[in-house]
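Colleague: I'm new to this one. Can you put it on screen and walk me through it?

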Amino acid sequence: MIVALLVALPTAASFTRRSGAPWIERRGGPVGAFRALHGAGIPVEPAAMTDPDVAFAAAERFWSDNADLLSDGVLPGDLSFAATSVFRGVRIVRLAQTIEGLEVLGASATVAMVNGRIVLVLSRTFPWQPVDPHPSVPSALVRRSAVLALGTRGVAALAGEPRLAILPLAGDDTLDLRAAFEVKLDAGVAGRFTAF
């Protein structure tokens with residue numbers, strides 16, 4: 001098991017100097033990995049507001065140019081397209097953090113665009129650490145173990161294979177990233193559950 005001591009993220013001062021306009025920064029989260037910046041905006045191609053591919057390219061370019069806003073060791077290439085949407089004139093593009101090609105659950109880098117400008121940046125990424133992406137446990141055993149661990153009679157794993165992802169286990173000042181199978185379980189009237 002590798003446990004990393006978390007370090008503080010750099011301030012937004014260098015980002016503000018690069019963008020040429022003031023930005024307001026907020027930080028939070030139990031491990032200090034959440035950062036939000038909003039300001040006057042950075043221009044993007046106008047087509048980013050209507051074309052998801054252009055929006056994704058603009059978000060990718062933003063994180064490549066501003067990789068220092070990500071956690072230690074996270075490179076722009078560790079981000080992969082997760083989702084985009086438009087709501088009331090705001091285009092949102094979310095990129096998921098990955099390690100060894102596996103999504104880090106709950107970790108993402110997001111930009112919001114209004115009138116052809118990036119006006120809000122959200123980053124919740126975790127410092128990079130090595131993770132073994134090749135567990136040797138068969139998926140049937142993973143599903144059965146999840147059902148047994150839940151302890152609810154009549155629970156059946158939902159259709160589909162368990163999904164391998166990176167599960168962050170965070171404390172006040174430590175972080176452990178582990179490859180884990182995510183299994184969706186259906187307990188009927190008791191509800192649906194996610195087990196790892």
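Modeller: Let's begin with one charged residue. Arginine 27 is partly exposed, with a relative accessible area of 38%. Bear in mind that this is a predicted model.

Colleague: Which residue does arginine 27 form a salt bridge with?

Modeller: Glutamate 25. The closest N and O atoms of the two are 3.2 Å apart. Glutamate 25 is partly exposed too, at 27% relative accessible area.

Colleague: And what about arginine 35, which residue does its side chain meet in a salt bridge?

Modeller: Glutamate 25 again, at 2.7 Å from N to O. Arginine 35 sits in strand E3 (residues 34-43) and glutamate 25 in strand E2 (residues 23-28), so this pair ties together parts 10 residues apart in sequence.

Colleague: Is arginine 35 buried or exposed?

Modeller: Buried, with a relative accessible area of 1%.

Colleague: Where else do I look for a salt bridge?

Modeller: Try arginine 163 and glutamate 182, whose closest N and O atoms are 2.8 Å apart. Arginine 163 belongs to strand E9 (residues 163-170) and glutamate 182 to strand E10 (residues 174-186), so they link parts that are 19 residues apart in sequence. Arginine 163 is partly exposed at 33%. Glutamate 182 counts as buried, at 13% relative accessibility.

Colleague: Which residues do salt bridges with shared partners join into one network?

Modeller: Glu25, Arg27 and Arg35.

Colleague: How many salt bridges are there in the whole structure?

Modeller: The search finds 6.

Colleague: Let's zoom out. How many helices and strands does the chain have?

Modeller: There are 3 helices and 11 strands. Starting at the N terminus, the order is β-α-β-β-α-β-β-β-β-α-β-β-β-β.

Colleague: What share of the chain counts as buried?

Modeller: 38% of its 196 residues. As for contacts with a separation of 6 or more, 54% are between residues 24 or more positions apart.

Colleague: Now the inside. Which residues touch the most other members of the largest nonpolar core?

Modeller: Phe62, Trp63, Val93, Val111, Met113, Ile118 and Val121. That core has 24 residues. The elements giving two or more residues to this core are helix H2 (52-65) and strands E5 (90-99), E6 (102-114) and E7 (117-124).

Colleague: Which element gives the largest share?

Modeller: H2, with 6 residues.

Colleague: Pick one member for me. What is valine 121 in contact with, beyond its neighbours in sequence?

Modeller: Setting aside neighbours within four places in sequence, valine 121 contacts Trp23, Arg35, Ala36, Leu37, Phe62, Trp63 and Thr110. Arg35 is the buried arginine we looked at earlier.

Colleague: What does the second core include?

Modeller: That one is separate and has 9 residues, among them Ile99, Leu102, Val104 and Leu177.

Colleague: Back to the strands. How do E5 and E6 run?

Modeller: Antiparallel, joined by 9 bridges. One example is isoleucine 92, whose bridge partner in E6 is alanine 112. The two strands form a hairpin with 2 residues between them. In that turn, glutamate 100 has a positive phi of about 55 degrees.

Colleague: And how many bridges join E6 to E7?

Modeller: 7, and these strands are antiparallel. Serine 108 has arginine 124 as its bridge partner in E7. This hairpin also has 2 residues between its strands, and asparagine 115 takes a positive phi near 50 degrees.

Colleague: How many of the residues in E6 are buried?

Modeller: 10 of 13, so the strand is mostly covered.

Colleague: Now the loops. Where is aspartate 78 found?

Modeller: In the loop between H2 and strand E4 (79-87). Aspartate 78 is buried yet has no salt bridge.

Colleague: How far away is the nearest side chain of opposite charge?

Modeller: 15 Å, and it belongs to arginine 94. Not counting residues up to four places away in sequence, aspartate 78 touches Gly73, Ala96, Gln97, Thr98 and Trp128.

Colleague: One last spot. Is glutamine 129 buried or exposed?

Modeller: Buried, with a relative accessible area of 3%. Glutamine 129 is in the loop between E7 and helix H3 (139-150).

Colleague: What does its side chain reach?

Modeller: The side chain of glutamine 129 reaches the backbone nitrogen of leucine 177, at 3.2 Å. Leu177 is one of the residues in the second core.

Note on methods. Residues are numbered from 1 along each chain as its sequence is written. This is a predicted model: local features need pLDDT of at least 70, side-chain atom pairs count only at pLDDT 80 or more; totals for chains, interfaces and linings use all residues. Side-chain values use heavy atoms; hydrogens and water are left out. A nonpolar core is a set of buried Ala, Val, Leu, Ile, Met, Phe, Trp, Tyr and Cys residues joined through side-chain atoms within 4.5 Å. Buried means under 20% relative accessible area, exposed over 50%, partly exposed in between (1.4 Å probe, protein chains only). Helices (H or I, at least four residues) and strands (E, at least two) are DSSP runs, numbered from the N terminus. Contact means heavy atoms within 4.5 Å. Lys and Arg count as positive and Asp and Glu as negative; His and the chain ends are not counted. A salt bridge is a side-chain nitrogen of Lys or Arg within 4 Å of a carboxyl oxygen of Asp or Glu. A polar contact is a pair of N or O atoms within 3.5 Å; within protein, one must be able to donate a hydrogen and the other to accept it, and residues adjacent in sequence count only if both atoms are side-chain atoms. Two strands pair if DSSP finds at least two bridges between them.
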